[in-house]
Amino acid sequence: MAKRAAPEVNAGSMADIAFLLLIFFLVTTTMEKDSGISRKLPPIDDNQEDVVIKQKNIFTVLINGKDQLLVEDELMDLKDLKAAAVKFLDNGGGLSTEGKPCDYCHGVKDPASSDHPDKAIISLKNERETSYAQYISVQNELVGAYNELRNRRALELGPQKGFRDMNFIEMQDNYKDVKWVGNKEKLKEVIEQIKTEYPQKLSEVQEQN
Amino acid sequence: MAKFTKKKSSDLPAVNTASLPDIVFMLLFFFMVATVMRENTLMIENKLPNADQVEKLDKKDLVMYIYAGKPSRNYKAQYGTEARIQLNDKFADVSDIAAFIAAERASKREELIPFLTTSLKVDKDANMGLVGDIKQELRKVNALKINYAAIKGDVSKNKQ
């Protein structure tokens with residue numbers, strides 16, 4: 001039998017096929033990554049004990065149906081909220097639950113404001129007519145206040161523990177990053193310490209119908 | 001020198017397109033890898049609010065999505081203009097959330113259930129009444145980890 005060369009497959013349409021697939025994936029692609037503000041809802045507890053919290057340790061934020069902001073019973077602009085929250089949380093006018101004064105606070109130590117970041121609670125209240133956009137803006141500012149304090153603390157604490165020039169957000173990112181070279185155990189300790197020093201105590205009041 | 005002058009032709013040579021498939025394939029692979037297919041067809045308007053303190057949600061398989069917003073133009077006649085909840089591909093009621101969470105949980109491995117996060121993709125024009133109802137429902141089924149989906153941006157953009 002005569003040996004015949006196998007006929008060459010025509011690859012001219014390869015580009016067309018590839019283009020077709022390419023266009024399909026181009027159209028279906030959504031590049032954005034999910035991001036958002038993470039929160040934890042309080043569990044439903046039937047036997048809730050009433051804990052007495054001193055009024056000065058609560059920072060009330062109310063958003064009414066017209067998206068106006070009432071902070072500690074005074075009307076406030078959204079842009080001033082972060083500074084007010086930082087001032088309240090960082091006040092450190094008294095003792096913590098363990099009876100220690102706040103030695104890392106930079107606040108004015110006003111006895112009429114919060115005792116300790118450990119005790120300070122932000123209470124966020126909204127009405128049914130409040131718009132979601134305004135609610136997220138307020139949440140964002142309050143989380144921003146906590147992050148600002150934590151970042152500042154991280155920059156103070158970092159050099160002592162060997163993590164220079166790293167704020168709290170970067171610390172958390174690095175901790176999650178698999179490629180990061182460094183002592184993760186130690187980093188976790190620092191993160192946990194900052195988290196306990198400035199705990200996020202943000203209570204959301206269920207609106208009354 | 002004669003060697004070079006001899007080859008010189010007057011008309012332009014055609015551009016070689018032999019590597020075109022390679023280039024296209026390269027692009028194709030890039031998009032294939034980067035693609036996240038939309039899981040749900042949105043039947044509602046879903047403009048997310050802006051926030052600058054956002055965290056990224058990784059581990060896509062451990063996220064449940066609840067959408068809410070006004071029905072989009074095609075569905076207005078049928079479902080009205082009031083903001084509604086969408087679960088999977090259907091409009092749903094607040095009372096359907098419990099069943100939805102149970103179904104999502106059943107489809108995951110048991111040891112992963114505590115790590116499930118609920119992502120609330122709520123349109124920025126929705127009001128908090130609806131969101132409050134969703135949150136209350138999530139508390140009832142003990143799905144406490146939530147994430148308010150937001151786009152990274154300045155909060156001042158929310159006012160428009």
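**Exercise 1. Find the order of helices and strands along chain B, then judge how spread out the chain is.**

Step 1. Reading along the sequence of chain B gives α-α-β-β-β-α-β-β-α-β-α-β-β. Here helices (H or I, at least four residues) and strands (E, at least two) are DSSP runs, numbered from the N terminus.

Step 2. Counting them up, chain B has 5 helices and 8 strands.

Step 3. The radius of gyration of chain B (taken over C-alpha atoms) is 25 Å, while the globule rule (2.2 Å times the number of residues to the power 0.38) gives 15 Å for 160 residues, so chain B is more spread out than a compact globule.

Step 4. Along its principal axes, the C-alpha trace of chain B spans about 90 × 40 × 35 Å.

A word on the model: it is predicted, so local features need pLDDT of at least 70 and side-chain atom pairs count only at pLDDT 80 or more, whereas totals for chains, interfaces and linings use all residues. Residues are numbered from 1 along each chain as its sequence is written, with chains lettered from A and ligands numbered from 1 in the order in which they are written.

**Exercise 2. Trace the open sheet of 7 strands and find its edges.**

Step 1. The order is β2(B)-β1(A)-β7(B)-β6(B)-β3(B)-β4(B)-β5(B), with mixed pairing. Two strands pair if DSSP finds at least two bridges between them.

Step 2. At the edges are β2 and β5 (90–92) of chain B, each pairing on one side only.

Step 3. Look at β1 (residues 35–40) of chain A: 2 bridges join this strand to β2(B), and the two run antiparallel. G36(A) stands opposite E55(B) there.

Step 4. Within chain B, β3 (residues 63–69) and β4 (residues 84–87) pair in the antiparallel sense over 3 bridges. In this pair, Y67(B) faces Q86(B).

**Exercise 3. Work out what each chain gives to the contact between A and B.**

Step 1. Chain B supplies 48 residues and chain A 44 residues; two residues are in contact if their C-beta atoms, placed from the backbone, lie within 7 Å.

Step 2. On the chain B side, the elements giving two or more residues include α2 (20–34), β6 (117–122) and α5 (128–140).

**Exercise 4. Explore the surroundings of I66(B).**

Step 1. Leaving out residues up to four places away in sequence, I66(B) touches several residues, among them I85(B), L87(B), I97(B) and L120(B).

Step 2. The list of its partners also includes T118(B), K121(B) and I134(B).
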